[in-house]
Amino acid sequence: MDQDAEHTLTSLLSSLTGSAQRMLTFTVLWHPELARVGEQAFASPGSRQIALNRFAPLFGRPGGTPLGLGDRRIARDPVMLLRDAADQVTIVTPQSRMSIGVDGETLAGGATLSMAAVERGVVLALGGCVLLCMHWSDQLPRLNSSKTLLGVSGAVLRLHESIRQAAGTLLPVLLLGETGTGKELVAQAIHAGSPRRDRPLVAVNMATLSETLAAADMFGAVKGAYTGADSARRGWFAEAGDGSLFLDEIGDTPGTVQPMLLRVLETGTYRPLGAAADVRSGARVIAATDQDLGHGYNQALLRRLEGFVIHLPPLRARREDIGLLIRHFIMQWENAGNAPAELPTTLIDALCRYDWPGNVRQLAMVVRRALIAAVDGPAPAFEVLVPEVEQPPQPSNVAGRLPVGGVAPDDAVRKVTRRAKLSELDHDAVLAALEDNGWQVGAAALALGVSRPSMYKLIDDHPDIRPAVAIPLAELQSAVGACGDDVVLCAQMLKTPSEALRRHLRGVGLLA
Ligand SMILES: Nc1ncnc2c1ncn2[C@@H]1O[C@H](COP(=O)(O)OP(=O)(O)OP(=O)(O)O)[C@@H](O)[C@H]1O
């Protein structure tokens, strides 16, 4: 390792230790050497002037070798970034002919970016080949060794810390975050990091439970406990044993089971339907929701669920992670045996600037769609891949530059979260929303502008959609044979919601 480089990074990092101030940070969103995506360079809180060229600053990751950006298309003449006392950042372009893009616009002359614009994350395109996210950060980088929950942002590092803390307790955990932010992944990570990791993790989507059968589903029932109970049922709490029970979409818990759930959280006991005695539960509950449970929800239950609360940040609040996630989805695609396909830097640029109302899940679907198209020809334009907006939102708070067109972030979000009337939605619209959103019910509901329970009703009523449990085993086996462990492809092939399919495939031993 280059000793100067090592010394420079080490002294830079040590100068930041203990600092509560914000550091101007550059994260590699895209680079011709894909291994460099996610590397970061930090300017210490006191530095007012940063020179950005082929050699400086040094980019690295904890434990790695810090290097300049290197690519020959990046000029030797530096782009100067001047930070003023109000935390505005002025970009001064060099004499060279290197193209410089700032949030999708080619920069001629200079530009001044407000503190808030940098807060949102500014995408810099250098020489048409390297993309950087310029953003603030308030903590030193740490190694994120997780192979599943990716990210270099402060938000993701804090999330890992919360997961570690939660895993060490027996408290109920409440995961709060928008759809597609990774709540189920976090639940899995808490379980995997806990002393219960060898016990079962049972995942239940509360929105799929019916009012009448929810109690038996969750707490079990003795034979004959209710009309149609031909045999005894164990229930999810018994299935989870001393492991973890993940209750997704807890905001949609049927009213019939809320008192029973409260009781098991308070006393650790419950009574299966028709049983003569209580049963003790050793399961740790991890609940998740993307709803505001403040009003109208059973507040006593909410207080019990809030033993340890973890907020998951939306993807637009950690723009610096988008490149790393795109690279991950491309690698997943190639590892599944698909033909390699290249996505143009201009498309990656647009993907990094979008606000992603459907978060990581929506990003994954869009990347997949782009890859499918790029195998046989050019990758589609961003506007084709994400038709709900005309172009990626642009910052409206950039000082010193002409305002650019596009949809403001809030408008973009509002546009896809508008509530639709169920009667407006025909079978084709329901099918299209599921197909466009990887057969993920929450994301499809968001795209259609309906609630999740309504989405489940639309799915139930759809003549061409089958629940995973109704699909013959032979059909499941041949889908898995064709798609491997790519559950979304399997779901697309079988026309069934992907999350329930994943659980069912695990249940019948077709998926690890
Ligand atoms: N940090 C991350 N790194 C890698 N993949 C991620 C990350 N966050 C989410 N994902 C992926 O995004 C998809 C959605 O994640 P997940 O199902 O955990 O979200 P969720 O918040 O539970 O969504 P919902 O509220 O709609 O149920 C999954 O395919 C997951 O693997």
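Mentor: In this predicted model, helices α9 and α10 pack at an angle of about 125°, and their axes are 9 Å apart.

Trainee: Why is α9 called oblique to α10?

Mentor: An angle of about 125° lies above the range of 65 to 115 degrees that counts as roughly perpendicular, yet it is not over 145, where roughly antiparallel begins. The pair falls into the remaining class, and α9 is therefore oblique to α10. The crossing of α9 past α10 is right-handed.

Trainee: Which residues in α9 and α10 meet?

Mentor: Ile322, Gly323 and Ile326 in α9 meet Ile348, Leu351 and Cys352 in α10. This contact has five nonpolar residues, one polar residue and no charged ones.

Trainee: What makes one residue of the contact of α9 with α10 polar?

Mentor: Gly323 belongs to this contact, and Gly counts as polar in the classification used.

Trainee: α9 also meets α11. Why are α9 and α11 termed oblique?

Mentor: Their axes come within 10 Å and cross at roughly 50°. Roughly parallel would require an angle under 35 degrees, and roughly perpendicular would require 65 to 115. An angle of roughly 50° meets neither condition, so α9 and α11 are oblique to each other. Here too the crossing is right-handed, with α9 passing α11.

Trainee: Which residues in α9 meet α11, and which in α11 meet them?

Mentor: From α9 come Ile322, Leu325, Ile326, Phe329, Ile330 and Trp333; from α11 come Val360, Leu363, Ala364, Val367, Arg368 and Leu371. By class they divide into eleven nonpolar, no polar and one charged. Arg368 is listed in this contact, and Arg counts as charged.

Trainee: Why is α14 described as oblique to α15?

Mentor: Helix α14 (residues 427-436) and helix α15 (residues 441-448) pack at an angle of about 125°, and their axes are 8 Å apart. With perpendicular ending at 115 and antiparallel starting over 145, that angle makes α14 oblique to α15. α14 passes α15 in a right-handed crossing. The contact involves Ala429, Ala433, Leu434 and Asp436 of α14, together with Ala444, Ala447 and Leu448 of α15. Six of these residues are nonpolar, none is polar and one is charged.

Trainee: Which residues come nearest to the ligand?

Mentor: The shell contains 19 residues, of which Gly182, Lys183, Glu184, Val360 and Gly442 come nearest. By class, the shell has six nonpolar, eight polar and five charged residues. At least two shell residues come from each of α4 (183-193), α9 (322-335) and α11 (359-376).

Trainee: From which domains does the shell draw at least three residues each?

Mentor: Domain 2 (154-311) and domain 3 (316-507) each contribute at least three. The domain assignment of the chain also gives domain 1 (3-137). The C-alpha centres of domain 1 and domain 2 lie 44 Å apart.

Trainee: What is notable about the phi of Trp356?

Mentor: Its phi is positive, at about 45°, although Trp356 is not a glycine. Trp356 sits in the loop between α10 (345-353) and α11.

Trainee: Which peptide bond is cis?

Mentor: The bond from Ala56 to Pro57 is cis, with omega near -5°. Pro57 is in the loop between β3 (49-52) and β4 (79-83).

Methods. Residues numbered from 1 in each chain as written. Predicted model: local features only at pLDDT ≥ 70, side-chain atom pairs only at ≥ 80, totals over all residues. Near = placed C-beta within 6 Å. Helix = DSSP H or I, 4+ residues; strand = E, 2+ residues; numbered from the N terminus. Domains from an automatic or database assignment. Axes fitted to C-alpha atoms, helices over the stretch in contact; angles between N-to-C directions. Left-handed = near helix turned anticlockwise from the far one by under 90°. Contact = placed C-beta atoms within 7 Å.
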